[in-house]
Amino acid sequence: MDTNVPHKPRVVRADFVLSATQETHFPASVLPEIAFVGRSNVGKSSLLNVLTGASKLARVSRTPGRTRLINFFEVELYRGPQKHCLRLVDLPGYGYAKVSKAEAKHFRHMLSAYMQRSFCLKLMVWLIDAKVGLTAADLRILELLEQSPARLLLVATKMDKLPKVQRKLQMERIARMLSLPREAVFAISAREKQGLELLWESILQTVA
């Protein structure tokens with residue numbers, strides 16, 4: 001048996017904690033926090049559900065831009081004998097055209113307040129729609145994300161929406177636009193359950 005092969009992460013508990021509409025509602029925590037941020041309809045909720053194995057943990061809305069809350073979840077998982085307890089944070093989607101300027105401003109304020117107040121924030125998982133590619137809204141939010149001292153991890157979602165022959169080229173295109181090596185972009189498909197173990201490995205390496 002090859003002892004160098006890492007154990008697959010195994011989630012044993014995933015619980016909703018609360019939803020916050022303003023920074024005074026943010027829950028206190030000593031757990032490392034992993035925040036997920038992305039454009040509306042990028043697949044954040046679907047990724048959180050399949051990542052934790054809890055199909056109804058995060059609400060999947062059929063209407064883009066509907067989720068205006070910051071949702072907090074606590075997850076307990078094992079990798080081999082080692083136990084990890086984390087808090088996953090689902091940030092509101094940005095970039096939806098029908099959201100008013102006031103709501104867009106409120107989102108930026110909430111995101112900025114969260115990044116400044118959360119001393120437990122270890123990793124920002126930034127989701128990009130693989131089929132759509134980088135948008136102007138993504139590039140605008142990147143300026144804000146780069147202000148956080150937390151590590152930034154780039155994830156391309158919905159890979160199943162692309163023909164297999166186009167996937168590598170699109171990943172290279174996204175990486176090139178951000179002046180990143182191709183390996184810096186994680187390819188994920190919640191539907192095909194592609195890339196989940198690698199994403200968990202990167203998360204656990206960050207909080208170890």
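The following exercises, with worked solutions, concern a predicted model.

**Exercise 1.** Determine which residues of the largest nonpolar core touch the most other members, and which elements give two or more residues to this core.

*Solution.* Step 1: the core holds 36 residues, and those touching the most other members are Leu91, Leu111, Tyr114, Met124 and Trp126. Step 2: two or more residues come from each of strand 2 (33–38), strand 3 (70–79), helix 2 (101–117), strand 5 (121–129), helix 3, strand 6 (151–157), helix 4 (164–177) and strand 7 (185–187). Step 3: apart from this core lies another, of 28 residues, including Ile34, Phe73, Leu127 and Ile203.

**Exercise 2.** List the contacts of Leu91, leaving aside neighbours within four places in sequence.

*Solution.* Leu91 is in contact with Leu111, Tyr114 and Met124, and also with Ala35, Phe36, Val37, Lys44, Leu69 and Ile70.

**Exercise 3.** Establish the surroundings of Asp138 and whether a salt bridge is present or absent.

*Solution.* Step 1: Asp138 belongs to helix 3 (residues 136–145) and is buried. Step 2: the nearest side chain of opposite charge, that of Arg39, is 4.2 Å away. Step 3: a salt bridge requires a separation within 4 Å, so Asp138 has none. Step 4: the side chain of Asp138 does form a polar contact of 3.0 Å with that of Thr135. Step 5: beyond four places in sequence, the contacts of Asp138 are Arg39, Tyr94, Trp126, Ile128 and Gly133.

**Exercise 4.** Compare the span of helix 5 with the expected value, and identify its buried residues.

*Solution.* Step 1: helix 5 (residues 196–207) has twelve residues, and its first and last C-alpha atoms are 17 Å apart. Step 2: this is close to the expected 16 Å. Step 3: its buried residues are Leu196, Leu199, Trp200, Glu201, Ser202, Ile203, Leu204 and Val207.

Conventions
Residues are numbered from 1 along each chain as its sequence is written. This is a predicted model: local features need pLDDT of at least 70, side-chain atom pairs count only at pLDDT 80 or more; totals for chains, interfaces and linings use all residues. Side-chain values use heavy atoms; hydrogens and water are left out. Helices (H or I, at least four residues) and strands (E, at least two) are DSSP runs, numbered from the N terminus. The expected span of a helix is 1.5 Å times one less than its number of residues. Buried means under 20% relative accessible area, exposed over 50%, partly exposed in between (1.4 Å probe, protein chains only). Lys and Arg count as positive and Asp and Glu as negative; His and the chain ends are not counted. A polar contact is a pair of N or O atoms within 3.5 Å; within protein, one must be able to donate a hydrogen and the other to accept it, and residues adjacent in sequence count only if both atoms are side-chain atoms. Contact means heavy atoms within 4.5 Å. A nonpolar core is a set of buried Ala, Val, Leu, Ile, Met, Phe, Trp, Tyr and Cys residues joined through side-chain atoms within 4.5 Å.
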